[in-house]
Amino acid sequence: MPRPIGLRERLRRWLFRVSGPEPTPIRLGQRRIFVLPTRFGLAVGATLMAMLLASINYGLSLGFALTFLIGSVAWISIHHAFRNLVDLSISPGRSDAVFCGTPARFGVVLHNPTLRPRLSLKIWPTGVPNGDTPFDIPPEASAAPEVAVATHVRGWLQLPQLTLETRHPLGLIRAWSLFQPDQQCLVYPAPEADAPPLPHGDDPRPGQGGRGRGRDDFSGLRHHQPADSPRHVAWKTVARGGPWRTKEFEGAGSQAVWLDWHHLPPAMGVEARLSRIARWVMDADAAGVDYGLRLPGTNLPPSRGPAHRHACLAALALYGLPAGDRRAAQ
């Protein structure tokens, strides 16, 4: 049952006109841009008020001139800050799948259709402390800044509401807009940190089976030992931050590796099973062997390569989720 929307949330949605994911492209019209003075702008305003009162009290003609000159510049900066955002259009960019616990990076494409550059822009998820680096958009060009979003659960992650802000040209005025492009990123289960070695063929016992130490065919991975040859270390797994593994070979030819849900210990929970299989997928991919995946309701035949790795990890990421969330991962 959906949670009822509070009065504050209703007011925020009415004021900023953002109530959820929006179809793209999103155009920033004048009704979607908000302008307020910054703290520095308020301090300048208070200083100008003091200068005006002093000029009135002492009849200082130069004081009036300086006060109205600085006030005019500040007033014009409101117009420039507003024009720095108006008419920009936003479209979804690239968002590669990530493992749970690793920040998802959403690419957001901002297009500037006008002949004037857009300067000193910042974009970040609403409600998160602003620490992004300013960027510019040349005339009649596009920019694709990345927005980092923390991941905590597997599955599809919706891009949250974003804030686009500028304080150009003088830092006196803050102009900003809120929007939420309809964009998602797939989050894989986090691989188990210290999983057992890969299962061997259809053997339900990971790391067991007749294995030799020959050099003809790959037979599996095992825990690294100090005496192992550096040539047999699974360096791809180490480079990805995984544990040290050593490749084992046998002379009689190796079978395809099956990563089977039903061969895991019965006491393991769902997330622990998915985490272990995710680690095995990465280990098998790093070793360059054919591997298949068996889950309840899913059977992916043995293969290898980036497309097969993504298909297996996507099946793990979407396992057990509601039907509406288990759409095909492109």
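Select L36 and R174: L36 stands opposite R174 in strand β12. The model is predicted; local features need pLDDT of at least 70 and side-chain atom pairs count only at pLDDT 80 or more, while totals for chains, interfaces and linings use all residues. Residues are numbered from 1 along each chain as its sequence is written, and side-chain values use heavy atoms, with hydrogens and water left out.

**The strand β12**

Colour residues 173–179, which form β12. Helices and strands here are DSSP runs numbered from the N terminus, with H or I over at least four residues for a helix and E over at least two for a strand. Six of the seven residues of β12 are buried, so the rest of the structure largely encloses this strand. Buried means under 20% relative accessible area, with exposed over 50% and partly exposed in between, using a 1.4 Å probe and protein chains only.

Pick W176, which lies in β12. W176 counts as buried because its relative accessibility is 9%. Now add V86 and draw a C-alpha to C-alpha distance: W176 and V86 are 9.9 Å apart in space and 90 residues apart in sequence.

**The sheet around it**

Next, show β2 (residues 34–37), which runs antiparallel to β12 and is joined to it by four bridges. Two strands pair if DSSP finds at least two bridges between them. Then show β11 (residues 162–166), which pairs with β12 in the antiparallel sense over five bridges. For a marker within that pairing, take L164, whose bridge partner in β12 is S177. The hairpin of β11 and β12 has six residues between the strands, and G171 in this hairpin takes a positive phi near 80 degrees.

Move on to β6 (residues 118–125), joined to β11 by five bridges and antiparallel to it. K122 stands opposite E165 in β11.

With β7 added, the open sheet of five strands can be read in the order β2-β12-β11-β6-β7, with antiparallel pairing. β2 and β7 (135–137) are at the edges with a single partner strand each, so one side of each has no neighbour in the sheet. On average, neighbouring strands of this sheet are turned by 35 degrees against each other, direction ignored.

Now select helix α3 (residues 61–83), which lies across β2, β6, β11 and β12 and runs at about 25 degrees to β12. Axes are lines fitted to C-alpha atoms, for helices over the stretch in contact, and angles run from 0 to 180 degrees between N-to-C directions.

**The helix pair α5 and α6**

Select residues 270–287 for α5 and 306–318 for α6: their axes come within 10 Å and cross at roughly 175 degrees. That makes α5 roughly antiparallel to α6; angles over 145 degrees count as roughly antiparallel, under 35 as roughly parallel, 65 to 115 as roughly perpendicular and the rest as oblique.

Show side chains for L274, I277, A278, V281, M282 and D285 in α5, which meet R309, C312, L313 and L316 in α6. Contact means heavy atoms within 4.5 Å. By class, this contact of α5 with α6 has eight nonpolar, no polar and two charged residues. Ala, Val, Leu, Ile, Met, Phe, Trp, Tyr, Cys and Pro count as nonpolar, Asp, Glu, Lys and Arg as charged, and the others, Gly among them, as polar.

Of the 18 residues of α5, 15 are buried, so this helix is largely enclosed by the rest of the structure. Finish at G288, which follows α5 and has a positive phi near 75 degrees.
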